[in-house]
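Reader: Hello! I am new to this structure and would love a close look at one part of it. Could you pick a single residue, show me its surroundings, and then lead me outward from there?

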Amino acid sequence: FFQAEDGIRDKLVTGVQTCALPICGAMQGTGTLATDAFMTSNVTGTLLTLSRPWTNSGTVNLLASANSTLSGTGTFTNQGKGTVNVAPGPGNSTTISVTNFTNDATVNVNSGTLALAGTGTVTDAGAYQLADNSTLSLQAGTRTLNGTVGLQTGPGTGTTVAVAGATVTLGKAAAMSNERLTVSSGSLTLPEAGTNYSPTSTTPSVTVSGAGTLTANTAGVGVMKIPVGGTLTVSGGTITGSAGISDAGAFNWSGGTVTTAGTATLTTTGTTNVAGAVTLGRDWTAGPGATVNLSGAGEVSISTGKTLTLGTAVGASTVNINGTSTTPFKGGGTLTIVAGNTLNDNVATDVDLTGVAFNNNGTVNSASGNLLLGAGAVAGETGTYALGGTAAGNGGTVSLISGSRTTTGGFSGF
């Protein structure tokens, strides 16, 4: 083989060539290695060190069926009709950590995990296509994805895009159709969240944890949607941005912050499970037909100026306080129970709601504990306090600790 002006050539063959180039070990030097459209490059080892630029317009097969690494100070650009195929196998990963890996063509992740760990700044125009149960992990550097991150064929079951240290931004026209999206460190920005995130699976999931940040923006009225059957999980980190979030599936919230720099809202119509200390920095409407369960150390700090509204005029919603926190709602914001909706205080100890402006226009059931209230959110409330609640017991109490309230709905159960 020799390096021609337009790519690698076999010196024994004249004319158009289709040839295979086996590669392993190290590729050193300063000149550009160009593999053209007729070239298939098979990287056979588990470690390849690249110290020169490599531009690929042909096919590159990363063949190692175990954990493998393409590293070094060089750069790798997949361009034109270039295709990179990765298949380390289930449970294994292929890590590309050259300074810059740029994909302007096609990358197929056929099994296992492709980890991009280069520290450079890259803009991709190409496509990443994921097979069932495969993962694209973005671990370092700054990357803008202007192409698509999608599926090869089939339902896309288990396909995952994981942001795990990189700073990632999707272009406005780009879209992700994978089943699972995780942000555990680093950040992911969706400039047009309503179209950037468009999973084809009926059971998609979005998970934010650790120090990860998911920014869902919109230039119009776009909303990031979690469909029925989907799951939003926040155990740490931050969800922010100017786009609304509409969750018709499950919302598992045990840590972290859901906020906005503007007026974007959160709407949930499925079941929300709050199992840790969380912060709400945007208005949240739970309903219609929503359930919010607080268990364990679950408590919601509602930021000043923000409101958690339980229910709408259509479809009853319920909050169940079952946890160990004595301040399940706090933070200086507002908690409002809409008429026809219910808050159940199911614990036998004090439940202190003096840290929020609480307005009950629905029904509050206090089973056996002491519900501590401060000033109302508005001049008057029209709801009912049922002392005795919905569970067997000796009945609860409601205590006004501070401020004044006008309640026209009355009390029952004593």
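**Starting from Ile-96**

Author: Happily! Let us begin at Ile-96, which sits in strand S11 (residues 93-96). A strand here is a DSSP run of E with at least two residues, and strands are numbered from the N terminus. Please keep in mind that this is a predicted model, in which local features need pLDDT of at least 70 and side-chain atom pairs count only at pLDDT 80 or more, while totals for chains, interfaces and linings use all residues. Residues are numbered from 1 along each chain as its sequence is written, and side-chain values use heavy atoms, with hydrogens and water left out.

Is Ile-96 buried or exposed? Ile-96 is buried, at a relative accessible area of 1%; buried means under 20%, exposed over 50%, and partly exposed in between, using a 1.4 Å probe and protein chains only. Which residues touch Ile-96, once neighbours within four places in sequence are set aside? Ile-96 is in contact with Leu-62, Leu-70, Phe-101, Leu-114, Ala-115, Leu-116, Ala-117 and Gly-118, where contact means heavy atoms within 4.5 Å. For a sense of scale, Gly-72 is 24 residues from Ile-96 in sequence, and their C-alpha atoms are 9.2 Å apart in space.

Two of these names, Leu-62 and Leu-70, lead us to a cavity. A cavity is a set of points, on a 1 Å grid over the protein atoms alone, where a 1.4 Å probe fits but cannot get out, and its lining residues have an atom within 4 Å of a point. The model has two cavities of 30 Å³ or more, and the largest holds about 70 Å³ of space. Such a volume is the space filled by probe spheres set on the points, which are joined across faces, edges and corners. Around the largest cavity stand Val-43, Gly-45, Thr-46, Leu-47, Leu-48, Leu-62, Leu-63, Ala-64, Ser-68, Thr-69, Leu-70 and Thr-94. Two elements, strand S5 (39-50) and strand S8 (68-71), each give two or more residues to that lining, and S5 provides the largest share with five residues. By type, the lining has seven nonpolar residues, five polar and no charged. In this sorting Ala, Val, Leu, Ile, Met, Phe, Trp, Tyr, Cys and Pro are nonpolar, Asp, Glu, Lys and Arg are charged, and the others, Gly among them, are polar.

Strand S8 deserves another glance, as it also holds Ser-71. Ser-71 counts as buried because its relative accessibility is 16%. Apart from neighbours within four places in sequence, Ser-71 is in contact with Leu-47, Leu-48, Thr-49, Leu-50, Ser-97 and Val-98.

Now back to Phe-101, another contact of Ile-96. A pair of aromatic rings is described by the distance of the centres and the angle of the planes. Rings of Phe, Tyr and Trp (its six-membered ring) pair if their centres lie within 6.5 Å; planes under 30 degrees apart are stacked, over 60 edge-to-face, and the rest tilted. The count comes to five aromatic pairs. One of them joins Phe-76 and Phe-101 edge-to-face, with 5.3 Å between centres and 90° between the planes. Phe-76 belongs to strand S9 (residues 75-78) and Phe-101 to strand S12 (residues 100-103), so far along the chain that 25 residues separate them, and the pair links these distant parts. Phe-76 is buried at 0% relative accessibility, and Phe-101 is buried at 2%. Trp-54 joins Phe-76 and Phe-101 in one aromatic cluster.

Further along, Phe-251 and Trp-284 also form an edge-to-face pair, 6.4 Å centre to centre with 65° between the planes. Because Phe-251 lies in strand S28 (residues 250-259) and Trp-284 in strand S32 (residues 284-286), the pair ties together parts 33 residues apart in sequence. Phe-251 is buried at 1% relative accessibility, and Trp-284 is buried at 0%.

Strand S28 brings us to strand pairing, which requires that DSSP find at least two bridges between two strands. S28 pairs in the parallel sense with strand S31 (residues 277-281) over three bridges, and Thr-257 has Thr-279 as its bridge partner in S31. S31 also pairs in the parallel sense with strand S34 (residues 299-302), over four bridges. There, Val-278 stands opposite Val-300 in S34.

Technical notes: On a 1 Å grid over the protein atoms alone, a cavity is a set of points where a 1.4 Å probe fits but cannot get out, and a pocket is an open set with protein on both sides within 12 Å along at least five of seven lines; lining residues have an atom within 4 Å of a point.
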